[in-house]
Amino acid sequence: MGNTEKHIRKSGVHFYPIGIGGKSNDAVIPRMDQYTKKHPKKMWKVRTLRQIMESLGHEDRHLDILKIDIESYEWEVLRNILSDNLASRIRQLNIEYHVFNAATRNYVDLLQIYRSLKEAGFLRYACTLYRFDNTTKLLQTECGLINIKFDFNKYP
């Protein structure tokens, strides 16, 4: 969410400088990497998916597609979505998984989150491996998942 002034918005598209997180926080200092080094002192405002939906008046709606690419923070967001019982309201999840820092080295926890997604109904239909290094335990992959348990009668 570096330089938000450069986001081009078409009619009907709204940009809010709020990130998705596993918990609400007004002063997130992200891990320094190629994306954040341009603004090393910038703090980010993040909210849970439920809080974002409520703030937009979408508490009774579903999401056709949720795209997440947040450089290893996706694991805490997924854990929150599952614990908040929001998985059933997401038709499709496009996610870039990252395993490359100390925060994502608890492989048992990551496997449990991944299995919980599967139990919630998410079935992988596509996956692209971007980087894998067995020496440093670096993994980056983008996957598309469809929710086979999505209730089309409840959320037409």
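A crossing of two helices is left-handed if the near helix is turned anticlockwise from the far one by less than a right angle. In this predicted model, α2 passes α3 in such a left-handed crossing. The contact draws on Trp 75, Leu 78, Arg 79 and Leu 82 from α2. From α3 it takes Asp 109, Leu 110, Ile 113, Ser 116 and Leu 117. Sorted by class, the contact of α2 with α3 holds 6 nonpolar, 1 polar and 2 charged residues.

Two packed helices are described by the angle between their axes and the distance between the axes. For helix α2 (residues 74-83) and α3, the angle is about 45° and the axes lie 10 Å apart. Angles under 35 degrees count as roughly parallel, and those from 65 to 115 as roughly perpendicular. α2 and α3 are therefore oblique to each other.

Ser 116 belongs to helix α3, which spans residues 107-119. This serine is one of the α3 residues in the contact with α2. Its relative accessible area is 18%. Buried means under 20%, so Ser 116 is buried. The C-alpha atoms of Ser 116 and Leu 82 are 7.6 Å apart. Along the chain, 34 residues separate the two. Leu 82 is on the α2 side of the contact and is among the buried residues of that helix.

Helix α2 is mostly covered, with 7 of its 10 residues buried. These are Glu 74, Trp 75, Val 77, Leu 78, Asn 80, Ile 81 and Leu 82. The buried residues of α2 pack against α3, but also against α1 (49-55). Their further partners are the strands β1 (19-20), β4 (63-68) and β5 (90-99). Just after α2, Asn 85 adopts a positive phi of about 55°.

Elsewhere in the chain, the count of disulfides comes to 1. The bond joins Cys 127 to Cys 143, with an S to S distance of 2.2 Å. The pair links distant parts of the chain, 16 residues apart. Cys 127 sits in strand β6 (residues 122-133), and Cys 143 in strand β7 (residues 138-147). How buried or exposed is each partner? Cys 127 has a relative accessibility of 38%. Partly exposed covers the range between the 20% and 50% limits, so Cys 127 counts as partly exposed. Cys 143 has a relative accessible area of 5% and is therefore buried.

Terms used
Residues are numbered from 1 along each chain as its sequence is written. This is a predicted model: local features need pLDDT of at least 70, side-chain atom pairs count only at pLDDT 80 or more; totals for chains, interfaces and linings use all residues. Side-chain values use heavy atoms; hydrogens and water are left out. Helices (H or I, at least four residues) and strands (E, at least two) are DSSP runs, numbered from the N terminus. Buried means under 20% relative accessible area, exposed over 50%, partly exposed in between (1.4 Å probe, protein chains only). Axes are lines fitted to C-alpha atoms, for helices over the stretch in contact, and angles run from 0 to 180 degrees between N-to-C directions. Angles under 35 degrees count as roughly parallel, over 145 as roughly antiparallel, 65 to 115 as roughly perpendicular and the rest as oblique. Contact means heavy atoms within 4.5 Å. Ala, Val, Leu, Ile, Met, Phe, Trp, Tyr, Cys and Pro count as nonpolar, Asp, Glu, Lys and Arg as charged, and the others, Gly among them, as polar. A disulfide is a pair of cysteine sulfur atoms within 2.5 Å.
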